[in-house]
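User: Please take a close look at one part of this model, the helix that carries a salt bridge along its own length, and relate that part to the rest of the chain.

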Amino acid sequence: MGEYGVAPGQRVAIIWDSSSPVEALKDLVDKIQALVGAGNRVSVENVNQLSQSAHKESGFDVILSGMVPGSTAQHSAEVLAEIARILKPGGCVLLKELVVTESGNNNRIKTADKLLTALTLSGLVEVKELQKEALTPEEAQSVREHLGYQSHDLFIVQIEGKKPNFEVGSSSQLKLSFAKKHGASEKPPVDPATAKLWTLSANDMNDEEMDLLDPDELLDSEDLKKPDPSSLRAPSCKEMGKKKACKNCTCGLAEELEQEKKSAQPKSACGNCYLGDAFRCASCPYRGMPAFKPGEKILLKENQLHDA
């Protein structure tokens, strides 16, 4: 197998982007055509038009993407999925892409680890990083022009991946044998002496010859004591540290809180209730009652509380 993993007679797809120098693209195409031999075996496709291309499924043995010198191509999840679709089972992908050492706030350029993960999620296997190299001054200038990214933490990584030896979504029937094994249903021989040891007959259950235990003898004096009713009660809401009664309260806290709620002095919304009807609101529960001193406890009827 020759350079780029290309062998004579194979079909190769070269994916480029607008940042790829035209002369460098033509040199790469000529080199690949010389490796695969005569015939229309090399296809050139723009990375932004790949998803709209009419390439049939599993049509290429090798796909080279971003391999043109000076390329700043970024491979989205859709592009990687399309690459996996048009690649033959067992085919190889060689890919170059700009990566950053740390993603930080940059969402456009991936790290090397995220690029490897994206290739794996697209359906490729045996994904591995072949090499990592720094940008040349010309490549750094191209990045600033096409991506608008100015930083010194950029690298170019070359990654290889392969498509599994089966189509995505393919199925195969499993050959399972459910034939019964010979002798599996046969019972093992039983020792007559052992069988007799674990067999009971009607004569063995003769009450006159058997010593039965009196169940009352199994109880001691502590078992016969009547338990204290307080020890049988469930923990009350207060003991459990709750500020309000349980939904199924049985300790009396619910009734106690309800009684406190009924006997609680209603709070004045305006603060003028004690001055008399001339200063009270229309819905004041004290309407009709004489003035009283601030803080003096006034007992209201039940209907007055409901009306308020």
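Analyst: Arg85 and Glu82 lie three residues apart in helix α2, so about one helical turn separates them. This is a predicted model. The side chains of Arg85 and Glu82 meet in a salt bridge, with an N to O distance of 2.7 Å. Glu82 is buried, at a relative accessible area of 11%, while Arg85 is partly exposed, at 29%. Burial here means under 20% relative accessible area, so Glu82 falls below that cut-off and Arg85 does not.

The helix also takes part in the nonpolar packing. The largest nonpolar core has 21 residues, and the members touching the most others are Ile63, Ile83 and Val93. Elements that each supply at least two residues of this core are β1 (12-16), β3 (60-65), α2 (77-86), β4 (87-100), α3 (112-121) and β6 (154-162). Helix α2 gives the most, with five residues. Once neighbours within four places in sequence are set aside, Ile83 is in contact with Ile15, Leu50, Ile63, Ser65, His75 and Val93. A second core, separate from this one, has 16 residues, including Val6, Val42, Leu64 and Leu94. In soluble globular proteins, nonpolar side chains tend to be buried together.

The pair in α2 belongs to a set of seven salt bridges in the structure. Two others link strands β5 and β6. Lys162 forms a salt bridge with Glu126, their closest N and O atoms being 3.9 Å apart. This pair connects distant parts of the chain, with Lys162 in β6 and Glu126 in β5, 36 residues apart. Lys162 is partly exposed at 31% relative accessible area, and Glu126 is exposed at 56%. Glu126 also has a positive phi of about 55°, although it is not a glycine.

Glu160 and Lys128 form the other bridge, with 3.8 Å between their closest N and O atoms. Here too the pair links distant parts of the chain: Glu160 is in β6 and Lys128 in β5, 32 residues apart. Glu160 counts as buried at 18% relative accessibility, whereas Lys128 counts as partly exposed at 44%. Side chains of opposite charge can pair when their charged atoms come close.

Two serines remain to be noted. Ser58, in the loop between β2 (42-46) and β3, has a positive phi near 55° and is buried at 14% relative accessible area. Ser43, in strand β2, is buried at 16%; beyond its neighbours within four places in sequence, Ser43 is in contact with Arg11, Val12, Ala13, Ile14, His55 and Phe60.

Terms used: Residues numbered from 1 in each chain as written. Predicted model: local features only at pLDDT ≥ 70, side-chain atom pairs only at ≥ 80, totals over all residues. Heavy atoms only, no water. Core = buried A, V, L, I, M, F, W, Y, C linked by side-chain atoms within 4.5 Å. Buried < 20%, exposed > 50% of the residue type's maximum accessible area, 1.4 Å probe, protein only. Helix = DSSP H or I, 4+ residues; strand = E, 2+ residues; numbered from the N terminus. Contact = heavy atoms within 4.5 Å. Salt bridge = Lys/Arg side-chain N within 4 Å of Asp/Glu carboxyl O.
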